[in-house]
Amino acid sequence: MNTFNDIKELVTTLKKEEKLISEMFSKRKSIDYRLSDALNLVDYEEGRIDRLIEKSVIRENGGLLELDGQFLEFFEQVLYVSEEINLSYIDENIKSIKERIVYFLNESSENRRYTYLRFIKKTFRNMGLITHRSVVDLRRNIENTFKNEANYKNKQLKLENLDKKRTIVTNLIQQTLALINEEEPTFFNRALDEELSRIIIELKNQLGECSHNLIEIEKQIIDYLNQIKQQGQFLEKLRKLKYLKDNFTIEAETDIKQIISNKNQVIFDAKTNQSINLSIDFLRESEKAFEAIKRIAKQHKDRLSFKPEIADSISNEYLENSLEEEVMVNLEEVRNRFVATSDNLFNFILNYDFLKEIDFNERVTIFCQIVSQYEEDLKIQDNYQTNNGIEYAMVFSK
């Protein structure tokens with residue numbers, strides 16, 4: 001396998017083929033990317049694709065292209081769109097810090113002590129970011145599993161496995177805090193400087209926020225599992241009743257008649273209006289009825305009698321079957337594609353291909369809808385720009 005000779009060659013190659021790589025990354029889940037599609041993005045120079053395959057940036061299999069797993073994971077991690085929760089990385093960081101602390105305390109050379117200290121600072125800084133990202137990914141996976149998984153058994157198993165990961169993250173946070181507060185007082189007394197102190201304070205704030213979010217995630221998982229349990233029990237009971245009914249044994253083996261007889265839910269019955277017709281003999285013989293008829297007739301003596309107009313026959317054109325198709329805007333799909341880019345939301349929507357003609361005002365409306373519905377996934381800045389007389393905030397993906 002050929003690799004890049006240096007970082008400059010890597011960056012230059014990615015920059016040159018940014019159009020193809022960006023398109024393949026944004027459509028990594030929606031379509032299988034064909035070689036013919038890729039050729040259109042490299043001006044039909046097949047040698048450029050061969051070079052990416054040779055350098056293991058992309059892989060080819062049966063005329064289909066995909067980003068190499070190493071580059072795909074790198075892009076997802078940097079852009080915060082990864083769905084995998086890498087808990088082993090946090091655990092390895094804790095072990096690495098403990099090792100470097102021992103090396104630091106045993107070292108007499110100031111230069112080598114500083115090298116160990118610099119690694120510890122960098123690792124502490126990364127641990128806060130990765131823990132926060134793991135919690136965000138955990139919440140997103142839980143919601144996606146509950147909403148999109150159709151199989152109830154798999155839905156329950158996935159939620160239980162995600163709950164185990166939540167427990168692991170909680171334990172790792174506790175281990176990190178114990179390492180800072182209790183386990184290595186000698187190291188922090190000797191090595192604590194202004195930068196390390198600032199990193200530790202920021203890390204504690206991040207871990208505290210993650211702990212609060214994990215409590216809410218635990219409540220959410222419990223609620224989802226209870227809903228699944230209730231739905232499962234209902235479906236199981238419904239299947240049993242269906243089985244008994246199909247075998248004509250439902251009345252003999254259940255007390256369904258007794259239960260139904262005890263129900264008196266008349267509010268669900270349709271309301272019937274019964275007209276009261278007066279007796280003909282009463283109308284003929286009663287003076288009161290006669291006076292009532294004269295009074296009613298007097299009130300309606302000026303009423304005009306309108307002859308109903310007969311409508312024209314319906315044209316055969318209206319009776320013909322016709323289909324009308326309309327392309328609807330899927331806001332969630334637009335959001336998912338946006339978070340895979342580094343563009344601001346307004347400019348992204350302004351240039352987005354909706355597969356139908358959408359004017360500027362409609363695109364502004366879509367911008368407002370995405371900001372209001374997916375505010376938690378977006379980073380709304382305080383600076384503003386203007387386009388066609390519309391002032392909008394700069395919005396990026398988190």
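1. Glu45 counts as partly exposed, at a relative accessibility of 40%, and this residue is a convenient place to enter the predicted model. Its side chain forms a salt bridge with Arg48, in which the closest N and O atoms are 3.9 Å apart. Given that a salt bridge is counted when the nitrogen and the carboxyl oxygen lie within 4 Å, a reader who wishes to apply another cut-off may want to look at this pair again.

2. Arg48 also meets the side chain of Asp43 in a salt bridge, with an N to O distance of 3.7 Å. As to accessibility, Arg48 is buried, with a relative accessible area of 15%, whereas Asp43 is exposed, with a relative accessible area of 56%. The pair therefore joins a residue under the 20% limit for buried to one over the 50% limit for exposed.

3. Which residues are linked with Arg48 in a network of salt bridges? The network consists of Glu17, Asp43, Glu45 and Arg48. A search of the whole structure finds 20 salt bridges, and the contacts of Arg48 with Asp43 and with Glu45 are among them.

4. A further salt bridge is found between the side chains of Lys242 and Asp246, at 2.7 Å from N to O. These two residues are separated by about one helical turn, because they stand four residues apart in helix H10, which covers residues 194-246. In general, an α-helix has 3.6 residues a turn, so residues three or four places apart point the same way. Both ends of the bridge count as partly exposed, Lys242 with a relative accessible area of 49% and Asp246 at 42%.

5. Helix H10 also holds Leu244; is this residue buried or exposed? Leu244 counts as buried, at 13% relative accessibility. When its neighbours within four places in sequence are left aside, Leu244 is in contact with Thr249, Ile250, Glu253 and Thr254. For the last of these, the separation is 10 residues in sequence, and the C-alpha to C-alpha distance is 8.9 Å.

6. On the surface, a nonpolar patch is formed by Leu278, Ile280, Phe282, Leu283 and Ile293, which together have about 450 Å² of accessible area. Helix H13, residues 280-285, gives the most to this patch, contributing three residues. Leu283 is found in helix H13 and is partly exposed, with a relative accessible area of 31%. Since membership of a patch requires over 30% relative accessible area, the value of 31% for Leu283 is worth keeping in mind when the outline of the patch is discussed.

7. Helix H14 comprises residues 287-299, 13 residues in total, and reaches 19 Å from its first C-alpha to its last, which is close to the 18 Å expected at 1.5 Å a residue. At the start of H14, a side-chain oxygen of Ser286 comes to within 3.3 Å of the backbone nitrogen of Lys288.

8. Some totals set these local points in context. The protein chain has 18 helices and five strands, and buried residues make up 30% of its 398 residues. Among contacts with a separation of 6 or more, 63% are between residues 24 or more positions apart. The accessible surface of the chain comes to about 28,900 Å², and 49% of that surface belongs to carbon and sulfur atoms.

Key: Residues are numbered from 1 along each chain as its sequence is written. This is a predicted model: local features need pLDDT of at least 70, side-chain atom pairs count only at pLDDT 80 or more; totals for chains, interfaces and linings use all residues. Side-chain values use heavy atoms; hydrogens and water are left out. The expected span of a helix is 1.5 Å times one less than its number of residues. A polar contact is a pair of N or O atoms within 3.5 Å; within protein, one must be able to donate a hydrogen and the other to accept it, and residues adjacent in sequence count only if both atoms are side-chain atoms. Buried means under 20% relative accessible area, exposed over 50%, partly exposed in between (1.4 Å probe, protein chains only). Patches are made of residues with over 30% relative accessible area and no salt bridge: like charges are joined within 9 Å, nonpolar side chains (Val, Leu, Ile, Met, Phe, Trp, Tyr) within 5 Å. Accessible areas come from the Shrake-Rupley method with a 1.4 Å probe; for residues, only the protein chains shown count as cover. Contact means heavy atoms within 4.5 Å.
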